[in-house]
Structures are given as structure tokens and as C-alpha cells.
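Please work through the following exercises with the sequence and the 3D structure open beside you. Try each task yourself before reading its solution.

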Amino acid sequence: MFLFDNLDQLYKIFSYFCWTNEFRCRGMCDLHFDICKNCLKADKIGKPLIEFIKYDTKSSRYLSIISDKIVYILTGRMKIFSAALVHKVTVAGEFLFVPAALDLTYEVTAGTSIILFRISPVRACGNLTPDMFYSQEDIENLDTEEESYVLDANERMIDYIEDLRDNLISGIKCRGFYEFKVSELLILLRAYYPKNELAGFFRFYNAIDSEFSEYVSRNWRKYRTVKEFAASMLISQKHFAMKFKKIFKKTPYKWMLTGRSHILYQELVSTSKPFKNIAYENGFSTISQFNKFCKKELGETPTVIRFGNK
């Protein structure tokens with residue numbers, strides 16, 4: 001059974017929340033299908049905390065992620081390519097955590113629909129953040145990256161998602177409602193999933209080291225070696241590597257290699273750029289060097305990768 005038995009009960013709780021929350025949504029109509037003046041002002045500052053998005057056609061896009069997000073796949077599937085995250089396909093019925101300060105490319109099939117939650121501004125129960133849902137020991141006990149950043153929706157979460165989806169489709173646009181539902185999402189995750197699964201899901205949540213992780217994600221493509229990267233931050237290579245591995249769970253070299261491979265793969269399969277342009281833009285001095293890298297890291301030559309995926 002869902003947390004609220006009926007719409008009237010939800011409305012009473014929601015009304016109380018709107019009047020007691022710090023931004024006080026004073027202009028609400030009966031069910032807030034229109035945006036009140038306070039919500040409209042707030043939405044000019046940033047994007048909505050929750051969005052329902054449907055892709056009518058197959059799509060691929062490169063993004064620089066600014067804030068932590070949770071994506072729920074309602075229908076279809078989504079494929080993620082990133083230096084920090086393992087190349088993975090997420091399907092209907094799964095939650096995907098996308099950390100801040102991350103560059104990624106995503107692909108979705110035609111007919112895919114998602115609910116996007118921007119969780120960074122919201123703290124459950126007033127002060128709880130996702131990294132407080134588990135211990136460092138839970139993180140250290142994770143064996144592989146396959147345990148990371150994806151959760152299957154259980155029965156409780158499906159009830160929550162179905163109710164939220166119906167309200168979003170109906171047209172509720174209240175920022176107070178969105179914040180209330182993001183907070184509820186975090187509370188339900190904490191209540192209905194074991195700590196080890198939450199540790200895997202949120203393992204790339206970098207609340208403490210956000211400045212470092214953002215610099216890494218924004219600038220890593222500028223540097224060819226770990227030594228150059230560390231020097232750019234005015235710290236020793238050893239200290240840089242230790243801090244890097246603590247946050248990203250990989251050595252800097254492996255992380256940069258993975259990211260470079262993903263970028264090359266996406267440019268080969270999603271663009272019509274000449275191979276020499278791709279090679280030059282990604283720091284290869286010769287086509288031969290570029291071919292050898294693709295063969296070693298991606299398993300095939302650029303020609304086979306591009307035309308074998310058509």
C-alpha cells in the first residue's frame with residue numbers, strides 16, 4: 001500500500017507542507033495545476049526538481065552534469081557512457097544515480113520515458129544526505145562496479161512512482177510538491193533498501209569532495225598524463241592519486257583511459273567525423289597510433305566500430 005491512502009490525505013499533508021516549508025508556497029490553487037507566483041520565481045533560478053520526459057525517437061546526447069540526479073526508467077531503456085561509470089544499459093523498472101560534476105553521453109531507444117529527480121538541493125528529514133544512508137565499511141565491502149549506481153524498483157517504490165507519474169501527467173507544477181516528493185523518495189530509499197545496496201547506488205555521491213570531483217570532471221580531457229593533471233592542481237602526484245581513488249574508486253590512469261575510450265566510441269558510432277579529425281581532437285599524433293588504441297581498448301579498428309554498428 002502506498003504511503004497515502006487517497007488523494008484527500010495527500011492533499012492535506014501537502015497543504016501543510018507548503019505552508020510550513022521555508023519557501024512557503026502561498027499562491028497555491030486547489031491542486032496547484034497552475035504555477036503560483038512564488039513557484040514561478042523559484043523556477044527562474046533553476047530547472048524543476050522533478051521532470052517527466054518522453055523520447056519519441058531514438059536519441060543520443062552529450063551532457064555535463066551540474067547536480068546530483070536520480071533517473072527512473074518508466075519505459076524503454078537508457079545506455080550511459082562515462083569515464084566514471086561503467087558502460088551500462090538501464091531498463092524499465094530501474095533507478096539510475098547520476099552524480100554531479102560528471103561528463104557523460106546517454107542513448108535512449110524510441111518510446112523511452114523517464115522521471116528525472118534533481119536531488120542535490122533537497123535533504124530528507126531536514127538534514128539527511130544520501131552519503132548518510134550507509135557507512136564507509138559498506139563502501140569498502142563492495143566487490144565490483146556492477147553493484148554501483150543502479151537499483152531495481154521494489155513494490156513500495158513502484159507504488160510511489162506510479163502515483164507520482166499520474167500527478168506529473170495531470171499537470172501539477174508546484175515546486176513545493178516537487179521538493180516534498182524528492183524528500184519522500186530519499187526517505188523511502190533509506191527505509192526499504194539495505195545499506196549495502198544504497199552504498200552501491202550512491203557510491204559516486206561526492207558531497208564532501210565536490211570541488212575536487214567537479215574540477216576532475218571538467219578538466220580531465222586537457223591532460224595527457226596523471227602527472228600533468230596533478231600538477232594542474234598544485235599537489236603531488238601521490239596525493240592526487242590517493243584522493244582521486246577515494247572519490248572515483250579507480251586510479252586516475254584507469255579512469256582517464258576509460259573516459260577516453262568512451263568518448264572515442266561515441267564519436268565513432270554517433271558522428272560522421274573523419275577518423276583523422278577524431279584522432280587529432282583526442283590527442284593522437286598519427287592515425288596509426290589512433291588505430292592501435294582502438295584495437296587495444298575497444299577491441300576493433302575504427303572502421304569496424306563505425307560501420308559494424310550501422
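## Exercise 1: A glutamate and its surroundings

The side chains of E267 and N282 are joined by a polar contact of 3.3 Å, a polar contact being a pair of N or O atoms within 3.5 Å in which, within protein, one must be able to donate a hydrogen and the other to accept it, while residues adjacent in sequence count only if both atoms are side-chain atoms. This is a predicted model, in which local features need pLDDT of at least 70 and side-chain atom pairs count only at pLDDT 80 or more, whereas totals for chains, interfaces and linings use all residues. Residues are numbered from 1 along each chain as its sequence is written, and side-chain values use heavy atoms, with hydrogens and water left out.

Task: Find where E267 is placed, and decide whether E267 is buried or exposed.

Solution. Begin with the secondary structure: E267 belongs to helix α10, where helices (H or I, at least four residues) and strands (E, at least two) are DSSP runs numbered from the N terminus. Next take the accessibility: E267 has a relative accessible area of 13%, and therefore counts as buried, since buried means under 20%, exposed over 50%, and partly exposed in between (1.4 Å probe, protein chains only). Finally look at the neighbours: leaving aside residues up to four places away in sequence, E267 touches R221, K273, I278, E281, N282 and R306, contact meaning heavy atoms within 4.5 Å.

## Exercise 2: Sequence distance and spatial distance

Task: Determine how many residues separate F81 and Q266 in sequence, and how far apart they are in space.

Solution. First locate F81, which lies in strand β4 (residues 77–82) and is buried because its relative accessibility is 3%. Then compare the separations: F81 and Q266 are 185 residues apart in sequence, and their C-alpha atoms are 8.1 Å apart in space. For the protein as a whole, residues 24 or more positions apart account for 75% of the contacts with a separation of 6 or more.

## Exercise 3: Cysteines and the overall fold

Task: State how many disulfides the whole structure contains, and describe the burial of C174 and C294.

Solution. Start with the search, which finds zero disulfides in the whole structure, a disulfide being a pair of cysteine sulfur atoms within 2.5 Å. Now check the two cysteines: C174 is buried because its relative accessibility is 0%, and C294 is buried with a relative accessible area of 0%. To close, set these residues in the whole: the protein has 310 residues, of which 47% count as buried, and its secondary structure comes to 13 helices and nine strands.
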